[in-house]
Amino acid sequence: MGYFETLEEGTAQAYEVAIEARKKGHDIETEPEIPLAKNLAERVEGLVGPPGIAKHIKELEEEMSREEVAFEVAREIVTSDEVMKADPGNKDQYKIKEEAADQAVRTALSILTEGVVAAPLEGIDRVAIKRNFDQSWYLAIYFTGPIRSAGGTASALAVLIADYIRLSMDLDIYKPTDREIERYVEEAELYESEVTNLQYSPSPDEVRSAAKHIPVEVTGEPTDQVEVSHRDLERVETNHLRGGALLALVEGVIQKAPKVLKYAKMLKIEGWDWLGDLSKTKKSDNNDGTDEESKGETPKVDDKYMRDIIGGRPVLAYPQTKGGFRLRYGRSRNTGLAAMGVHPATMEILEFLAVGTQMKIERPGKGNCVVPCDSIDGPIVKLRNGDVVNVDSVEEARKIRSQVVEIIYLGDMLVAFGEFLRNNHQLLPAGWCEEWWIQLLQKSANYNDGQEEELNQYLQERITARGAFDLSKQYQIPLHPDYTYFYHDVTRKDLNTLRSWLNHDIDDINIEEDLKVNIGPEKRILESLGVPHRIREGKIVLAQGDAYALLNTINQPLNTEDDISTLEALNQVSPVEIMAKAPTYLGGRVGRPEKTKERMMKPAPHALFPIGTNGGNRRNIVEAAKKGSITVDIARCKCTNPECGVGSMQAICPVCGARTVPTSSGKKRINVANLLRKAYKNAGVRKLDEIKGVQGMISEEKFPEPLEKGILRAKNGVYTFKDATIRHDSTDLPLTHFIPREIDVSPGKLREMGYTHDIKGEELKNDDQVVELRIQDLVISEACAEYLMRVSHFIDDLLKNFYEMEPFYNVKTKGDLVGHLAVGLAPHTSAGVLGRIIGFTKAAACYAHPYFHSAKRRNCDSDEDSVMLLMDALLNFSKVYLPSSRGGRMDAPLVLSSRIDPEEIDDESHNLDTMEMLPLELYQKTMENAKPADVVDMVDNVKKRLGKDEQYHGLIYSHETSSIHQGPKICLYKTLPTMKEKVNEQIRLAERIRAVDQKGVVEGVLNSHFLPDMAGNIRAFARQKVRCTKCNKKYRRIPLTGECTCGGNLILSISKGSVTKYLEISKELASRYPIDPYLVQRIELIESGINSLFESDRSKQSSLDVFL
Amino acid sequence: MTDDIILKFADAEILLDESAYNKIKSYDASPNLVDSLIKHMTISSPEMMVLTGKVVDDYLGQSTSAMIGSTYSNNQRAQMKLVPQDFDFHILKDASHKSYTNGEIKDLSSYFKSRYHKLRELLTYKRELKDSYSIKEAMSRDDVIKIVGMVNDVRYTKNNHKIIEIEDESGSATVLIHKENHEVFEQSETLLKDEVIGIIGSRKGTLIMASALVNPGVPRIDEKPMDFATVFLSDIHIGSSTFLDKAFDRFIKWINGDFGDDNQQEIANNVKYVVVAGDIVDGIGVYPHQDKELTIKDIHQQYEEAARLFGEISHVKIIIAPGNHDASRLAEPQPAIPEDYAKGLYELKNLEFVSNPAMVSLDGIKVLIYHGRSFDDIAMTVKGMSHQQSDLIMKELMEKRHLAPIYGERTPLASEIEDHLVIEEIPDVLHTGHVHINSYKRYKGVHLINSGTFQSQTEFQKIYNIVPTCAQVPVINNGSLKMLDFS
């Protein structure tokens, strides 16, 4: 049986059990509520419909591209006979037209977003046919806030689809009035000043032009309580900001103008040519700023990632600064899809980087996730005793960590070619590395195939300096990277100084022993070159290899006359070619910390059962039951048995046992004590101290969960989410290959699951063989495993006691979870993806195949999402619990994709490199700053495998990682308890990293974190709301009565503490470091402002009171 | 005689201790001494209002008996002026050094109670509300309803009637204004959250149907004779790269009699007071990346530069209130700019610092100074109101008798125990700034003045298409407005 068949069979079994359980009638629906979808077409039908569309989409896909299918489907929906016949003047028939247009937009948008994202459901409120002032009919599309989840391109295309529908329905264009146009201009500015920044800030003229020319009305419901001054327009229903419409207009149509234009041309939709002018006049858009950089030009410094320096999130390297991360091309089995490799020794020494920690980086993208890779270069550090050490293992890093006084080089960052491709960022010169050197050797004219064995030997063991020079001479290739130092980081004069200093005591440069030299200022040059050395008995000791390499490279004084670089001058004298060790340094700072944690709502309920304020602050149902009966807002259900007809709030009539149907909801008196007593009995639980419910239901029908589920969740220590599923959230990390030992699963167990062979084609017998990961298999964190075990116990209890069936999981140890099915689900989406648990990682992350993350529309730059057990989703999920508010259907498993088709997932994963070694030509092209699109032919990636069997296996990598969870598992940000300690460590680190300016970091933290925070909170303090401690009601302004209508106490919503929390530390930083006086004064002003708000003048005046 | 001395000092809000009292009493020319001491105290050290024996000694030591004989103690610069000036200057209301809040919820509560009581008093003074009662009581009555409440919310029903949520200390009520009731409906267009109004109407179930809305209002005031000129400035923004230094130099020259035509010079000679309604400097850290738009990045030096410029004005009295760019707290009322930041200005003997807002008396003319931060909120919420026509906003604020009614939006309000922003007494002049656009209106005898700016159009204003009126200075000369252009 094939892999997918195994998964499908397991899924079918789970459904069978769930169907049987649901049939018992304890839930509102008598069958599982998550339809299975094998592919995109079925997901679209499952999410937005219309019924039967899946088959048609599949037919169309045969001959068209995805985008064309979307537009064609939309056209067909609105041009059916029924719709065409309908007369817009007739009220009912007009509605037919509107509904068809609405359906068409949603279905088409769903196709464009792979049938995963919630935007087609939640991002569009409605589509309306409205009248221009000249009485012609036009189309209006009402966007809502969640359109954001569609992304810029899809929301822009939604507008284009709407226009295509308008054309197909033969409606006129939207003719905006001047006031309506200015309204858009005002809203765009107001949104940025009052709500949040848009990804792209358009000029007023850009908005004006777009608003004027878009042939449909882009409007929407109010999203923010901010009023505009262009009020009471006849055709705009709200005077508040229309956030969704702005997103579609600005981040959609305006920002993605070139793409929209491309599609409009492709589909021959007229009336969009004005976009051409727009994209020309568009202000340079820094997000894709690299488009403008022409080939061969040196890239500009981009310090965007440094613009906001946050307290406790250290800057690790300034942009393009000596000592920063060295760019190394390649992919390891745990990198790609925005995850990048760093040597675990670097992570250990920095302590602020753990497996899965996010970094904001300079290039090629904006962010990444850090994963360990130990086949690349580690850091070069200087110790307290003066030693300079090349750290290449975690053990050594831990040993010397406390003695590090300077981090001279941070080591490599392993960046896949695919990252450059995805960001359309010009290639940057590659660091000089072994894989490049070896290919030069192989391609050399003097090389023949018979020498392969000899060559392998060089790769196995460390090459000697003399050997390296010999090879370079023999094959006419540059010197091996091990003996190539960071020459370009020092001056020619430095090298000459160094040369005479080293040569002082020796007569022969072919030295055979370690070289001892007297300590002098020249040591700093050695440090800058990254040459390891020790201090022994007051002398500097250079290892023989390094001494040999230096003496033989700088074998004559360099030319300091001509205007040439250090490297050029060096190559004039060196007997062999010397390459630039680190032509590209990457800057970066720590971003969001890694995460793996159970999903808890605040406060976290065990059951979606409303008890009002009767359960106290902890919403304890046991507490509420002590009151006997309570009044709550809850569903009313009516018994379907005509002879009974009793009203209740359960799915089964408590009197006659027949099914009930919900009729309405309202205040009702319920006897919780009685209900709880019965539920204890049904659940087979004697008594619990705490079962947490909710204050009120936020769903439409307010149908409560059976109390038994809450009892059993409480018993097993698990919590429910708003949709009655139990989730565990982790940072997403990619994985294409694993080693049985590292994921803590035996080869035997793996063979049972179909892992029969390793990557070399050998049978899987040992726990250290490298195995390729199947695309829907998951390696979950140990915390996640621990939680899911408890969930499985809950499910088994539920099946046994509540549904009276056999237990399903029978999990005793975490190893028993292996092979069980789970559902991955990301926020902003509404389609779960089926996965299978195959192992465990110590990292605080969920390792899964890049396809799996992509199928959820996630990448690995610190996105996080949830995993739940399949049976939990099938038994307990119900649409009836979903919040009725906007966005309520996001992050809910409305359909389940059982099979991942790499062609139908986000195309980001198509950029994943699948090569054992990047080709020599590519390294050479990086030196020319080639555009990735121009050299993509040289690279084997997923895109080239799509539609073939190779898309599922053979996705090989170029750099080995001995363990996917080496290095710290929790970063220092999370272990340090207070902001003060975090900031102190951040600054201490800044002191030690050569590529970071400490003063700049202090100023940055103040400027972009502490000062804005305090200023914002002072402002907020003086216009704050108040809140009732008893019923939690909020008041915009304190009532004159001074108390809540419920009689409860009112308290301030912004405490003094939140205003002053960064004041002390800011003052301390200002006094300790020589920072910009401007900042010092700002702190002083803020302090006096704070004092004025919190200290009465009366205390200062008390001495005067004596006279009064 | 004894009572005379104490009363005079009490009127000037100066405390005196026993030794000072005995010293003054024993001085043979004490009536004159009392007057000149009061002048001395209010001019030289407005923050120190306790007269001790030592101060009296110091004063007597430094003053000649001739000077005590005059009613005004001149400083050196003032002696150089052509016509000796006789300043009858008083600070009538000032919130500096009266910030009694600890930032606790009880302070917030007493702040709004204070607002309600002050305005309620003004409202119930009116004939039509003389016999008003509490909301709680109103809801049990069937005859005409007369209540005074603070507005909580204003919104529309589906049928476009207007709903006002209103409250007092007894409870809250919902008031409906029928859209066919044109007069009241139109009046309600300018209703603001958190203002205090009177409502007359009838009860219909739990609703009150309004038949009239009553503002605290402004009675017409009589014109007072003014035989001098007062200059109104604001938003000078010294330190900003867009500060119009040349224009400001021309202004200084003019006030010193060295600039302008005969007519203008004549006005200059008549100038007795200069009032600055905030934003004398551009400040620091007021908005993100402000440092890029500053020529002086040091707040102390900004005020030093202000001291240099204002120091050249010698023969007139200068009164300065803070604005949102100044080195005072942001929340209103803003205490006077502290001496720590403006040493140079404090050394000028002819200069007075007051709070924002503050009421001063200039030779008997009452000037209410308010920077104008609340205009932002009102321009945003009321149809037909804009920064361009701040005179319309000022008129509304006068009718509502409150300078910043809306709570919780852009204008930060400090939870002072007393609401200093209530306009308890009708001024002769209401002087504001902040919007950088001049406006003037005479309303029921009150001069409503917005004094524009000495800052050219900023980047921010460019984006929002705000065109400032630069270097145009309003002057009230002998009771009528003159606009002088220094651009």
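This passage walks through a predicted model of two chains, A and B.

A good place to start is chain A and its domains. The domain assignment splits chain A into domain 1 (118-282), domain 2 (297-431 + 582-593 + 917-944 + 966-996), domain 3 (435-580), domain 4 (605-716) and domain 5 (997-1103). Domain 2 is put together from several separate stretches of sequence, as its listed bounds show. Between the centres of domain 3 and domain 4 of chain A, taken over C-alpha atoms, there are 77 Å. The unreviewed UniProt entry also has something to say here: residues 685-982 of chain A carry the annotation "domain: DNA polymerase II large subunit DP2 catalytic". Over that stretch, residues 685-982, helix makes up 24% of the chain and strand 15%. The C-alpha atoms at the two ends of the stretch sit 45 Å apart.

The backbone of chain A has a few spots worth a look. Two of them are cis peptide bonds. One joins A:Gly49 to A:Pro50, with omega at about 0°, and A:Pro50 falls in the loop between helix 2 (40-47) and helix 3 (53-61) of chain A. The other runs from A:Arg363 to A:Pro364, again with omega near 0°. A:Pro364 belongs to the loop that links strand 10 (358-361) to strand 11 (367-372) of chain A.

Positive phi angles turn up too. A:Glu351 is not a glycine, yet its phi is positive, at about 65°. This residue is in the loop between helix 14 (344-350) and strand 10 of chain A. Is A:Glu351 buried or exposed? A:Glu351 has 20 other C-beta atoms within 10 Å, so it counts as buried. Chain B offers a similar case in B:His434, another non-glycine with a positive phi, here about 75°. B:His434 sits in the loop from strand 15 (429-432) to strand 16 (439-443) of chain B, and it counts as buried because it has 25 C-beta neighbours inside 10 Å.

Now for chain B as a whole. Its secondary structure adds up to 15 helices and 19 strands, and 47% of its 487 residues are buried. Taking the contacts in chain B with a separation of 6 or more, 70% are between residues 24 or more positions apart.

Some of those strands form a closed barrel. Five strands of chain B take part, in the order 4-5-6-8-7, and the pairing is mixed. From one strand to the next, the twist averages 55°. Within the barrel, strand 4 (residues 145-156) and strand 5 (residues 162-168) of chain B run antiparallel and are joined by 6 bridges. One of the bridge pairs is B:Tyr156 with B:Lys162, the latter in strand 5. Helix 6 (residues 105-124) of chain B lies across strand 4, strand 5, strand 7 (196-204) and strand 8 (207-214), and it runs at about 75° to strand 7.

Helix 6 comes up again where the chains meet. There, 42 residues of chain B are in contact with 36 residues of chain A. On the chain B side, helix 6, strand 5 and helix 13 (374-381) each supply at least two residues. Helix 6 gives the most, with 6 residues.

Elsewhere in chain B, strand 11 (residues 317-321) is well wrapped: 5 of its 5 residues are buried. In a regular strand, side chains alternate between the two faces of the sheet. Here both faces are covered, with B:Lys317, B:Ile319 and B:Ala321 buried on one side and B:Ile318 and B:Ile320 buried on the other. Strand 11 pairs in the parallel sense with strand 10 (residues 271-277) of chain B, over 5 bridges. In that pairing, B:Val274 has B:Ile318 as its bridge partner.

Last come the nonpolar cores. In soluble globular proteins, nonpolar side chains tend to be buried together. The largest core in this model has 441 residues, and the members touching the most others are A:Ala74, A:Val105, A:Ala108, A:Ile141, A:Val159, A:Ile161 and A:Ile165. Helix 28 (residues 782-802) of chain A supplies the largest share of this core, 11 residues. Leaving aside residues up to four places away in sequence, A:Ala108 touches A:Ala70, A:Phe71, A:Val73, A:Ala74 and A:Ile161. A second, separate core has 9 residues, including B:Phe9, B:Leu33, B:Val55 and B:Val56.

How values were computed
Residues numbered from 1 in each chain as written. Chains lettered and ligands numbered in written order. Predicted model: local features only at pLDDT ≥ 70, side-chain atom pairs only at ≥ 80, totals over all residues. Helix = DSSP H or I, 4+ residues; strand = E, 2+ residues; numbered from the N terminus. Buried ≥ 20, exposed ≤ 12 C-beta atoms within 10 Å, placed from the backbone. Contact = placed C-beta atoms within 7 Å. UniProt positions renumbered as here; feature names shortened; annotations may be inferred. Domains from an automatic or database assignment. Pairing = 2+ DSSP bridges. Axes fitted to C-alpha atoms, helices over the stretch in contact; angles between N-to-C directions. Core = buried A, V, L, I, M, F, W, Y, C linked by C-beta atoms within 7 Å.
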